[in-house]
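Visitor: Please take me slowly through one part of this protein, the pair of crossing helices and the loops beside them. I would like each term explained as it comes up.

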Amino acid sequence: GLNFIDLMVRQGNIDNPPKTPLVPGFECSGIVEALGDSVKGFEIGDRVMAFVNYNAWAEVVCTPVEFVYKIPDDMTFSEAAAFPMNFVTAYMMLFEVANLREGMSVLVHSAGGGVGQAVAQLCSTIPNVTVFGTASSFKHEAIKNSVTHLFDRNADYVQEVKRISADGVDIVLDCLCGENTGKGLSLLKPLGTYILYGSSNMVTGETKSFFSFAKSWWQVEKVNPIKLYEENKVIAGFSLLNLLFKQNRGGLVKGVMDKLLNLYNSKKIKPVVDSLWALEEVKEAMQRIHDRGNIGKLILDVEKAPTPLMANDSTETSEAGEEEEDHEGDNENKERMPFIQ
């Protein structure tokens, strides 16, 4: 699985990144080839998906058994590689942190991405939940049926939400950070929960830019605890990778995976795969995530041969860096990518 965090790792926009050389990637699916002496519950040949603390983008992956889960019989390997990060993140934010219940409302940014689509599907399992989503305009036709109200990511979504729901929303899920932090807090109803689970606005051009990072950082709303107390609002953060690999909550995550697989087997949720890429195409795949061109999850497939480039193709479209936002609505660049229908 290819996630936005992989792009942040590549650009150095995370705390204490590992030293290079390194193999990126935090989730994968495949067939068990070997077992440790004390491993129980798995056999060689089992179809599995797993979390990995880096090193997932490889033909052979080694990870502790507590991070490995069997794949349902009717789930494909590409769906399985798209499942763990997105759905566990979405489930734990909605149900473990924000306590989603019947009749609530949720605002999710990047509604067309992997987590956004998982959030929309999980919200549909609870009666009468209203989902507000923001996404680039070219994605709206494809995802319009997955959310209740859809807004352009560059529009004044605060006013649009308040026009529909004057009191605001119960839950805000923010993967953007920057100025969206203050906007999200302003939209919360009393006893509402704002959850930051990413900071994609910190990523701009092809390389890390201190000035862009600083600009996004200074746009973050400075949280006043007294104001939270007076307004009855909750602000929270969620990092699945830290929960797994730094805070040793693999048992908790396994319980969540069991619930998610039950939902999958009941046909209530299904991972959305945007496209498959050969390992040699990782630059183009990361560019698609960088340009916010994906609907659902991008997958690196070790068995896939590279797709021949067309004559007018270029992988250098965003080397200019700071002008990245100008390409948000560039359909031509995004449509050339090999979609999975």
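Guide: What follows starts with the whole chain, moves to the two helices, and then turns to the loops beside them.

This is a predicted model, in which local features need pLDDT of at least 70 and side-chain atom pairs count only at pLDDT 80 or more, while totals for chains, interfaces and linings use all residues. Residues are numbered from 1 along each chain as its sequence is written, and side-chain values use heavy atoms, with hydrogens and water left out.

The chain has 13 helices and 11 strands, where helices (H or I, at least four residues) and strands (E, at least two) are DSSP runs numbered from the N terminus. Of the 341 residues, 50% count as buried, which is the word for a relative accessible area under 20%, whereas exposed stands for over 50% and partly exposed for anything in between (1.4 Å probe, protein chains only). Among contacts (heavy atoms within 4.5 Å) with a separation of 6 or more, 68% are between residues 24 or more positions apart.

The two helices you asked about are α1, residues 4-11, and α12, residues 282-290. Two packed helices are described by the angle between their axes and the distance between those axes. Here the axes come within 10 Å and cross at roughly 110 degrees, each axis being a line fitted to C-alpha atoms, for helices over the stretch in contact, with angles running from 0 to 180 degrees between N-to-C directions. That makes α1 roughly perpendicular to α12, because 65 to 115 degrees counts as roughly perpendicular, under 35 as roughly parallel, over 145 as roughly antiparallel and the rest as oblique. On the α1 side the contact is made by Phe-4, Asp-6, Leu-7, Arg-10 and Gln-11, and on the α12 side by Met-286, Ile-289 and His-290.

Both helices contain buried residues, and these can be listed one helix at a time. In α1 they are Asp-6, Leu-7, Met-8, Val-9 and Gln-11, and α12 is included in what covers them. For its part α12 is mostly covered, with 7 of its 9 residues buried, namely Glu-284, Ala-285, Met-286, Gln-287, Arg-288, Ile-289 and His-290.

To place this within the nonpolar interior, a further term is needed: a nonpolar core is a set of buried Ala, Val, Leu, Ile, Met, Phe, Trp, Tyr and Cys residues joined through side-chain atoms within 4.5 Å. The largest core has 59 residues, of which Phe-51, Leu-122, Leu-173, Val-253 and Leu-260 touch the most other members. Several elements each supply at least two residues of this core, including β2, α3 and α11, and α3 gives the most, with 9 residues. Apart from the largest core lies another, of 17 residues, which has Ile-289 among its members along with Leu-2, Cys-28 and Ala-50.

Now to the ends of the helices and the loops that follow. Most residues other than glycine have a negative phi, and most peptide bonds are trans. Just after α1, Gly-12 takes a positive phi of about 80 degrees. Further along, Thr-20 and Pro-21 are joined by a cis peptide bond with omega of about 0 degrees, and Pro-21 has its place in the loop between α1 and β1. Just after α12, Arg-292 takes a positive phi of about 55 degrees, although Arg-292 is not a glycine. Arg-292 is found in the loop between α12 and β11 (297-300) and counts as buried, at 11% relative accessibility.

The loop after α1 also takes part in a ring pair. The whole structure holds 7 aromatic pairs, meaning rings of Phe, Tyr and Trp (its six-membered ring) with centres within 6.5 Å, called stacked if the planes are under 30 degrees apart, edge-to-face if over 60 and tilted otherwise. In one of them, the centres of the Phe-26 and Tyr-54 rings are 4.6 Å apart and the planes stand at 55 degrees, so the pair is tilted. Phe-26 lies in the loop between α1 and β1 (27-31) and Tyr-54 in the loop between β2 and β3 (68-70), so the pair ties together parts that are 28 residues apart in sequence. Phe-26 is buried at a relative accessible area of 3%, and Tyr-54 counts as buried at 15%. Tyr-54 also has a positive phi, of about 70 degrees, although it is not a glycine.
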